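User: Hi! Could you take a close look at one part of this structure for me, the backbone spots with uncommon torsions, and then set them beside the contact between the chains?

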Amino acid sequence: MSRPALPALNIADLQSLLRRREVSPREVLDALQARIEDIDPKVEAYLSIDFEAAAREAEKVDVDLPLGGVPIAIKDIINVEGQPCTCASKILRNYRAPYDATVIRKLRAAGAIPFGKTNMDEFAMGSSTENSRVKLTRNPWDLSRVPGGSSGGSAAAVAADAAFGGLGTDTGGSIRQPAALSGIVGVKPTYGRVSRFGVVAFASSLDQVGPLTKTVRDAALIMTAIAGHDPQDSTSLNEPVPDYVAMLNSNGNLKGVRLGLPKEYMVEGIDPQVKAAVDAAVKQLQSLGAEIIDVSLPHTDYGIAVYYFLATAEASANLARFDGVRYGHRAENPKDLLDHYGRTRDEGFGAEVKRRIILGTYVLSSGYYDAYYLRAQKVRELIRQDFAKAFEKADAIVSPTSPVPAFKLGERTADPLQMYLADIFTNTGNLAGICGISVLCGFAKSASRTDSSRGEIDNKQLPIGLQLLGKALDEARILQIAHAYEQSTDWHKARPPLAKIEN
Amino acid sequence: MADPSDLDVAYVAKLARLNLTGEETCLFQKQLSDVLKYAAKLREVDVSRVEAAAHAIPVFNVFREDEPRDWFTAEQALSNAPHKANNLFIVTKVVE
């Protein structure tokens, strides 16, 4: 009997083959390597791969562990011992991680093999992966478009069947938005659910690590492996971790589940095809038994402004450590210490990182702290209260993940504010510290003229993401709802034309 | 109340120990003024009775035993140093 080529499998299906000893971890790795060598020259999702180290691990891994023998792609902001960790920045070009982040230690304990590092916006600052200082990653559904960001490399790799699953980080939407634009599943856990130890810090009160996968079940598998308290991260929550996979409801019934629809989310500028797909998804959830109720999140419109003051303030402090002394790039022959710092950082950082350091330094500076930073912290509290009130009535909140499908490479790079608005539905979730998931809910048709001289119209399907936001520590619930929705549709079976594997 | 026109990118860049070219300074001045104008909407919000929230889920008093444990060796700590000698980081001269 024929089965799909190995790289086309999701983690759960791959794992059952491994457990039945129908394939070996080494065969899986070899098949993945061949796939990456075939497809990654087009997608450019990876920054570095160490197949030799991965092969050594594959020889000794226990396939009966929850993720035994499954290779996982890692965003290049997470330290994997002995591997580069560049954050797609020149300032860390030659850096090699001397230790494993806690999430990597946990993945290894579950039998997973972290084999490669994926592209991203420099220091996770961006929504398209175009701020990488190494290369451009392309959307597997349309190579002329962005994969989303900042975890665009992990998202594109998974969407192109060049990874079984990946880890990303989400500070304002950087897991959910690329998952939506690349047509896969992405989870932003509750703040403190997953350890940040060993993850290069961008905005410490917002950053969380989470999975990017082909299915909701796979996301639950990775969440179960990486969540939990870590004494090395004082913000990590000391709460038990449920088995998120066992808690997925297999009968797909959503009876008794109350889903809140915030009226503020149907904003101007939302793509009509995105709105139509999300409306249809809401009807589908209703047909599964969910009750749809109106909720209000009145401070939604302030989210972007609050986010860009707080995230840049925290970034300006966190990135002060890149001083060219203990690691990273150092400018040649500085004439004094100020010259050393100023040139090291000028040469090391790209435009978006510099812009955010300037804004963050400004909002924290004497005379402006109260007007910008402190006021933003107060409005953040109002946003948190909005969600608390909404969750008194609703078990989860439904919205689009992104107001638009994948945009063209270069389309938004000249206007940072336009790029910031890409996070309008996602970043309030980070500000409130709650959890969220994006799941594929349909496609937009793009009719872009690829060759104007011949007037050819190139019809591409662009994925649309549905976002479910849940209460703090209520990951199990949003995974259940997303799983029920996913299993009642065929969206997750669609593959980008590029990714089709001939058997 | 602060005004978007107060932003002086060249001055803030000095505070941030970040050299910028004249071109970058001009570009950021315009782009960040746009961001500040957009963010001026925060002035509409009545925050007079709101306590600032630094964290969404506050965790207080996280202590651990003050016990020695194994961590990096000097060699590991120096493994990424741009300039090192005799098990030490070599830095740019700080005092004359």
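Analyst: Happy to; here is a walk through the backbone first and the chain contact afterwards. Please keep in mind that this is a predicted model.

As background, most peptide bonds are trans, and most residues other than glycine have a negative phi. In chain A, one departure is the cis peptide bond between Gly149(A) and Ser150(A), with omega at about 15°. Ser150(A) sits in the loop that runs between strand E3 (113-118) and helix H5 (152-159) of chain A.

The loop between E3 and H5 of chain A also holds Phe123(A). Although Phe123(A) is not a glycine, its phi is positive, about 55°. As for its surroundings, Phe123(A) has 29 other C-beta atoms within 10 Å, so it counts as buried, the cut-off for that class being 20 or more.

Chain B has a case of its own: Arg17(B), a residue other than glycine, has a positive phi near 55°. Its place is the loop between H1 and H2 of chain B. With 19 other C-beta atoms within 10 Å, Arg17(B) is partly exposed.

Now to the contact between the chains. Here 46 residues of chain B are in contact with 55 residues of chain A. Helix H1 (9-15) and helix H2 (22-39) of chain B each supply at least two residues of the side that touches chain A. The largest share of that side of chain B comes from H2(B), with 8 residues. By residue class, the side of chain B that touches chain A divides into 32 nonpolar, 8 polar and 6 charged residues.

How values were computed:
Residues are numbered from 1 along each chain as its sequence is written. Chains are lettered from A and ligands numbered from 1 in the order in which they are written. This is a predicted model: local features need pLDDT of at least 70, side-chain atom pairs count only at pLDDT 80 or more; totals for chains, interfaces and linings use all residues. Two residues are in contact if their C-beta atoms, placed from the backbone, lie within 7 Å. Helices (H or I, at least four residues) and strands (E, at least two) are DSSP runs, numbered from the N terminus. Ala, Val, Leu, Ile, Met, Phe, Trp, Tyr, Cys and Pro count as nonpolar, Asp, Glu, Lys and Arg as charged, and the others, Gly among them, as polar. A residue is buried if 20 or more other C-beta atoms lie within 10 Å of its own, exposed if 12 or fewer, and partly exposed in between; C-beta atoms are placed from the backbone.
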